[in-house]
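Grab a viewer and work through these exercises with the model open. Try each task before you read its solution.

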Amino acid sequence: MIPKASYEFVSGGAGDEWTLRENRRAFNDYHIAAKRLIGLTKDNIDISTQLLGLKMQSPIMVAPMGAHAIVHDQGEKDTARGAGLANTLYCSSGASNATLEEIAKATTGPKWFQLYWNNDLQVTRSLLTRAKDASYSAIILTADALGPGQPDAFKAMGSAFRPNRNFGNHDPKKDGFGNFFDQKTSLTTADIQFIKKLTGLPVIVKGVLRPDDADRFIRAGANAIQVSNHGGRQIDGVPASITALPPIVKAVNKRVPVILDGGIRRGIDIIRAIAMGADAVAVGRPMLYGLGLGGAQGVESVINFLNNELKSTMLLTGAEKLSDLNPNYIEIVGQNEEYSTSQG
């Protein structure tokens with residue numbers, strides 16, 4: 001259903017794709033220590049949560065991803081519509097083919113906007129102002145990417161992007177301007193405050209893999225930390241997101257929410273992430289596969305599948321609600337001590 005070039009673009013990663021593979025493999029380092037005979041029924045299970053003022057029916061959100069039109073003609077409009085049908089938070093990428101306004105109109109659910117900081121400050125100001133005017137409730141500052149990651153197999157095909165689809169937020173025919181690829185590389189913590197002062201919105205810093213970075217960003221005003229290696233698309237050789245999560249959670253120390261993305265494919269992955277300290281998870285590639293296969297309904301089906309599997313796995317894990325999950329439910333492979341003990 002998805003053209004070969006599009007599939008290579010979505011499914012691939014940077015370099016030799018070690019990090020891409022590690023994002024999945026590393027979940028196996030953490031076993032579930034399930035509890036038994038605690039009187040749970042499926043009707044008891046509650047997967048709802050709150051995140052930066054949003055009441056969410058589950059901890060699952062649609063991760064920011066660019067260029068959805070390469071897998072479906074309706075692009076981000078249908079991805080956002082599917083997220084709305086599933087009542088799930090949609091994170092709109094600054095690299096979208098549709099404009100942020102078109103995306104905002106397409107979803108009935110909550111939405112955040114992911115900013116790629118442009119060297120032209122006028123362009124950056126415009127994007128942030130437009131996002132606020134379109135009722136996005138938070139801004140994601142991506143710290144680990146300077147444009148769409150392009151796997152080797154995709155680049156070997158030449159210019160495989162559809163020539164009639166560009167970056168909508170910069171399209172002069174749609175009141176946009178500026179060169180998307182002219183991105184600022186010299187980002188600093190001062191940029192967090194710039195966004196907050198201009199928009200008055202909370203800021204999520206995405207792409208965090210070090211606990212000291214998480215601490216610096218929170219001290220600079222970040223309202224949430226997103227543990228992410230950009231799906232292994234930007235730099236190869238960095239750790240899996242789930243591996244980086246525990247020390248970052250410890251450094252954050254509940255000051256702000258922690259979000260994890262990278263490799264989430266099953267309900268049990270979400271349980272591991274939440275038990276290890278994440279407050280929510282963002283899911284990327286599966287949403288685009290759902291989009292390619294079935295448009296908005298395909299995206300909705302992916303979210304419903306993950307929600308239903310999370311509920312059934314919560315029952316089997318012995319946790320009634322997300323807040324019950326903690327490190328006592330995790331055992332590290334190769335260690336006799338429980339995760340909580342080994343982490344001090």
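What follows is a short set of tasks, each with a worked solution.

**Ground rules**

You're looking at a predicted model, in which local features need pLDDT of at least 70, side-chain atom pairs count only at pLDDT 80 or more, and totals for chains, interfaces and linings use all residues. Residues are numbered from 1 along each chain as its sequence is written, and side-chain values use heavy atoms, with hydrogens and water left out.

**Exercise 1. Work out how α8 and α9 pack, and which residues do the job.**

Step 1: Find the helices. α8 covers residues 211–219 and α9 covers residues 241–252; helices here are DSSP runs of H or I with at least four residues, strands are runs of E with at least two, and both are numbered from the N terminus.

Step 2: Get the geometry. The two axes come within 8 Å and cross at roughly 35°. Axes are lines fitted to C-alpha atoms, for helices over the stretch in contact, and angles run from 0 to 180 degrees between N-to-C directions.

Step 3: Assign the hand. α8 passes α9 in a right-handed crossing (the near helix is turned clockwise from the far one by less than a right angle; anticlockwise would be left-handed).

Step 4: List the contacts, meaning heavy atoms within 4.5 Å. From α8 come Pro211, Ala214 and Ile218, and they meet Pro247, Ile248, Ala251 and Val252 of α9.

Step 5: Sort them by class. You get 7 nonpolar residues, no polar and no charged (Ala, Val, Leu, Ile, Met, Phe, Trp, Tyr, Cys and Pro count as nonpolar; Asp, Glu, Lys and Arg as charged; the others, Gly among them, as polar).

Step 6: Check the spacing. An α-helix has 3.6 residues a turn, so residues three or four places apart point the same way.

**Exercise 2. Do the same for α10 and α11.**

Step 1: α10 (residues 267–275) packs against α11 at an angle of about 60°, with the axes 8 Å apart. This crossing is right-handed.

Step 2: On the α10 side, pick out Gly267, Ile268, Ile270 and Ile271; they meet Glu309, Leu310, Thr313, Met314 and Thr317 in α11.

Step 3: The class count comes to 5 nonpolar, 3 polar and 1 charged.

**Exercise 3. How many residues of α3 are buried, and what covers them?**

Step 1: Count. In α3 (residues 75–85), 8 of the 11 residues are buried, where buried means under 20% relative accessible area, exposed over 50%, and partly exposed in between, with a 1.4 Å probe and protein chains only.

Step 2: Name them. They are Gly75, Glu76, Asp78, Thr79, Ala80, Gly82, Ala83 and Gly84.

Step 3: Look at the cover. It includes β4 (60–62), β5 (89–92), α4 (100–106) and α11.

Step 4: Check the exit. Just after α3, asparagine 87 takes a positive phi of about 55°.

**Exercise 4. Describe the second largest pocket.**

Step 1: Its volume is about 470 Å³. On a 1 Å grid over the protein atoms alone, a pocket is an open set of points where a 1.4 Å probe fits, with protein on both sides within 12 Å along at least five of seven lines; lining residues have an atom within 4 Å of a point. The volume is the space filled by probe spheres set on the points, which are joined across faces, edges and corners.

Step 2: Of the 32 lining residues, Pro64, Met65, His230, Gly231 and Arg233 are the closest to the centre.

Step 3: Elements giving two or more lining residues are α1 (4–11), α2 (18–25), β11 (280–283) and α11 (285–317). The largest share, 3 residues, comes from α2.

Step 4: By class, the lining has 13 nonpolar, 13 polar and 6 charged residues.

**Exercise 5. Is aspartate 171 buried or exposed, and what does it touch?**

Step 1: Aspartate 171 sits in the loop between α6 (152–155) and α7 (190–199).

Step 2: Aspartate 171 counts as buried because its relative accessibility is 9%.

Step 3: Leaving out residues up to four places away in sequence, aspartate 171 touches Asn166 and Gly176.

**Exercise 6. Where is leucine 37 found, and what is its phi?**

Step 1: Leucine 37 is in the loop between β1 (30–32) and β2 (49–51).

Step 2: Its phi is positive, about 55°, although leucine 37 is not a glycine.

Step 3: With a relative accessible area of 89%, leucine 37 is exposed.
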